[in-house]
Amino acid sequence: MSEYLMEVKNLATHFRTQKGVVKAVDGVDFKVKKREILAIVGESGCGKSVTSQSIMRLIGNKKNEEISGEVLYHGENLLNKSPHAMRNIRGKDISMVFQDPMTSLNPAYNVGTQIAEMPAIHEKADKKTAWRRAVEMLTKVGIPSPKDRANQYPHQFSGGMRQRGVIAMSLACDPDLIIADEPTTALDVTIQAQVLNLFRKLRDETEAAIVLITHDLGVVAELCDKVAVMYAGKIVEQGTVEDIFDRPKHPYTIGLLNSVPVPGNRERLQPIEGQPPNLHELPEGCRFAERCPFVMDQCLKQQPELEPTDFEDHTAACWIEDKGGLYERYKGTRSSRRSEKVL
Ligand SMILES: Nc1ncnc2c1ncn2[C@@H]1O[C@H](COP(=O)(O)OP(=O)(O)OP(=O)(O)O)[C@@H](O)[C@H]1O
Ligand SMILES: [Mg+2]
């Protein structure tokens, strides 16, 4: 048996559109171990949601959607499963939490019924047992007066409580893996903190692995074990939280760290200039080349693949050989660019 719960290999999701083929995900590899929290980070539009929805086979069912590669879950390729088999896996073995809780909640049913549905469908639990489980899950996610709240409808819940309700639903069948796509983005700051505390609790109390898609590097630093950095449909760097925050090797990762507030980073924020490439007119070489302060000839000609760095399991897709000290050099390059502009 593999030590990995899930291995995603060369996953590609392409959409055929009138403008051409959109390569939203274009050869993504990552692995998740039991109990591990993997963060997927990257700018808007880089393919994070399409990756997670492809894994869950929520994408790939329409004529213009093409998925290739492998998603090995307990060694079996989810991409070969029948829609029926996938319905059984979703919610039971792998569950998903979306950004907007109303994607998962039906306004016409009370929250308890919707949570109870999970054990009723997947475990054939009788009505009483399923309801008891719903109340238990609401308790677990910190909803006050869970017995009463279970009888209420989504509109009677606050935003944060709705997202907790969705997380309760995702936990109801004791999944191996939870994929959470920006679970806190739609919430206000105090509620975000509550939901993150809940994830912290889950990390400590459940056996489940979590794939957390987020824009928030602060959350990553605090909560996650490993990080995959995506850019224009590909993973450009992967490693432990320490690898990514303390010794980043890809100029894009460095740019990302410089452009968002990260605990402990007191430097002035410097956004990455320029835009990611158009996904249906991708360059031949490195996709970050156009924005990279260290761009070389080779970068324009050939796409780099993820290669090991000095640390085990820390990989980066970049042609620069000597990546040590790149972090410092990057800062220098960017501030001089800035002053050139001012002059
Ligand atoms: N059905 C579709 N047809 C064509 N293009 C699509 C389709 N779905 C997604 N895309 C494109 O795929 C790219 C990746 O989208 P995705 O939603 O995965 O981004 P993301 O990284 O999750 O961004 P965000 O951080 O904003 O949520 C985007 O450019 C998007 O426009
Ligand atoms: Mg998204």
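Which residue in strand 7 does Met96 stand opposite? In this predicted model, the partner of Met96 is Ile179. The two strands involved, strand 6 and strand 7 (residues 177-181), run parallel and are joined by 4 bridges.

Let's stay with strand 6 for a moment. In a regular strand the side chains alternate between the two faces of the sheet. Strand 6 covers residues 94-97, with Ile94 and Met96 on one side and Ser95 and Val97 on the other. These four residues are all buried, leaving both faces of the strand covered.

Now let's turn to the charged side chains. Side chains of opposite charge can pair when their charged atoms come close, and the model holds 13 salt bridges. One of them brings Lys33 and Glu3 together at 3.5 Å, N to O. Lys33 sits in strand 2 (residues 20-33) and Glu3 in the segment before strand 1 (4-17), 30 residues apart. Lys33 is partly exposed at 25% relative accessibility, whereas Glu3 is exposed at 55%.

Strand 1 takes part in another pairing: Glu66 meets Arg16 at 2.8 Å, N to O. Because Glu66 belongs to strand 4 (residues 65-73) and Arg16 to strand 1, this salt bridge ties together parts 50 residues apart in sequence. Both ends are partly exposed, Glu66 at 44% and Arg16 at 43%.

Lys226 and Glu36 form a further salt bridge, at 3.2 Å, N to O. Here 190 residues separate Lys226 in strand 9 (residues 226-231) from Glu36 in the loop between strand 2 and strand 3 (37-41). Lys226 is buried at 18% relative accessible area, and Glu36 is buried at 9%. Finally, Lys34, Arg35 and Glu207 are joined into one network by salt bridges that share partners.

How values were computed
Residues numbered from 1 in each chain as written. Chains lettered and ligands numbered in written order. Predicted model: local features only at pLDDT ≥ 70, side-chain atom pairs only at ≥ 80, totals over all residues. Heavy atoms only, no water. Buried < 20%, exposed > 50% of the residue type's maximum accessible area, 1.4 Å probe, protein only. Pairing = 2+ DSSP bridges. Salt bridge = Lys/Arg side-chain N within 4 Å of Asp/Glu carboxyl O.
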